[in-house]
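Biologist: Got a minute to walk me through this one? I'd like the overall picture, then the charged residues.

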Amino acid sequence: TTLYYDGKPIQLTVSAGFAVATSAGPSDAPALLRLAAEALGHAKAAGRNRAEVRLFHPARALATSLASI
């Protein structure tokens with residue numbers, strides 16, 4: 001995406017990591033931050049303009065990838 005500042009173009013890319021809490025998942029902020037950080041790391045490794053979501057399941061964390069944001 002191109003943004004303009006003072007009439008000059010600025011290229012912008014975004015990588016995002018999200019963590020989703022459920023009633024069965026972690027309810028404390030540090031656990032959610034760890035999941036979000038993991039998702040962000042995967043989004044950055046996968047390329048530009050990516051978003052990764054971590055959904056917590058009691059038995060295991062499930063990863064869902066979004067191809068592009």
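Modeller: Sure. One definition to begin with: accessible areas here come from the Shrake-Rupley method with a 1.4 Å probe. On that basis the accessible surface of the protein chain is about 4900 Å², and carbon and sulfur atoms hold 59% of it. Keep in mind that this is a predicted model.

Biologist: What does the secondary structure come to?

Modeller: The protein chain has one helix and five strands. Starting from the N terminus, the elements run β-β-β-α-β-β.

Biologist: And how much of the chain is buried?

Modeller: 19% of the 69 residues count as buried. As for contacts with a separation of 6 or more, residues 24 or more positions apart account for 38% of them.

Biologist: Since it's predicted, what's the average pLDDT?

Modeller: The protein chain averages 79, and 75% of the residues score at least 70. Among the elements, strand 2 has the highest mean pLDDT, 94, while strand 5 (residues 61-66) has the lowest, 46. The pLDDT is below 50 over residues 60-69, a stretch that still has 25 contacts in the model beyond near neighbours in sequence.

Biologist: How should I treat a stretch like that?

Modeller: Where pLDDT is low, the predicted coordinates should not be read in detail.

Biologist: OK, on to the strands. How do strand 1 and strand 2 run, parallel or antiparallel?

Modeller: Antiparallel, with four bridges joining strand 1 to strand 2 (residues 8-11). Leu-3 has Ile-10 as its bridge partner in strand 2, and Tyr-4 stands opposite Pro-9. The two strands form a hairpin with two residues between them.

Biologist: Which residue in that turn has a positive phi?

Modeller: Asp-6, at about 55 degrees. Asp-6 is not a glycine, and its place is in the loop between strand 1 and strand 2. Asp-6 counts as exposed because its relative accessibility is 68%, and exposed means over 50%.

Biologist: What's the usual sign of phi?

Modeller: Most residues other than glycine have a negative phi.

Biologist: Where else does a residue other than glycine have a positive phi?

Modeller: Asn-49, with phi near 55 degrees. Asn-49 lies in the loop between helix 1 and strand 4. With a relative accessible area of 25%, Asn-49 is partly exposed.

Biologist: Back to the surface. Which residues form a nonpolar patch?

Modeller: Leu-3, Tyr-5, Ile-10, Leu-12 and Val-14, with about 460 Å² of accessible area together. Tyr-5 sits in strand 1 (residues 2-5). Tyr-5 is exposed because its relative accessible area is 59%, and the cut-off for exposed is over 50%.

Biologist: Now the charged ones. How many salt bridges does the structure hold?

Modeller: Three. In one of them the side chains of Arg-54 and Glu-38 meet, 2.9 Å from N to O. That pair links distant parts of the chain, with Arg-54 in strand 4 (residues 50-56) and Glu-38 in helix 1 (residues 29-46), 16 residues apart.

Biologist: Buried or exposed, what's Arg-54?

Modeller: Arg-54 is buried, as its relative accessible area is 3%, and buried means under 20%. Glu-38 is partly exposed at 38%.

Biologist: What does Glu-52 form salt bridges with?

Modeller: Arg-50 is one partner, with the closest N and O atoms 3.6 Å apart. Arg-54 is another, with the closest N and O atoms 3.5 Å apart. Glu-52 is buried too, at 5% relative accessible area. Salt bridges that share partners join Glu-38, Arg-50, Glu-52 and Arg-54 into one network.

Biologist: And how accessible is Arg-50?

Modeller: Arg-50 has a relative accessible area of 17%. Arg-50 therefore counts as buried, the cut-off being under 20%.

Biologist: Last one. How far apart are Ala-46 and Ser-15?

Modeller: They are 31 residues apart in sequence and 9.2 Å apart in space, C-alpha to C-alpha. Ala-46 lies in helix 1, and Ala-46 is partly exposed with a relative accessible area of 41%.

Terms used
Residues numbered from 1 in each chain as written. Predicted model: local features only at pLDDT ≥ 70, side-chain atom pairs only at ≥ 80, totals over all residues. Heavy atoms only, no water. Patch = residues over 30% accessible without salt bridge, like charges linked within 9 Å, V, L, I, M, F, W, Y side chains within 5 Å. Salt bridge = Lys/Arg side-chain N within 4 Å of Asp/Glu carboxyl O. Buried < 20%, exposed > 50% of the residue type's maximum accessible area, 1.4 Å probe, protein only. Contact = heavy atoms within 4.5 Å. Pairing = 2+ DSSP bridges. pLDDT = per-residue confidence, 0-100.
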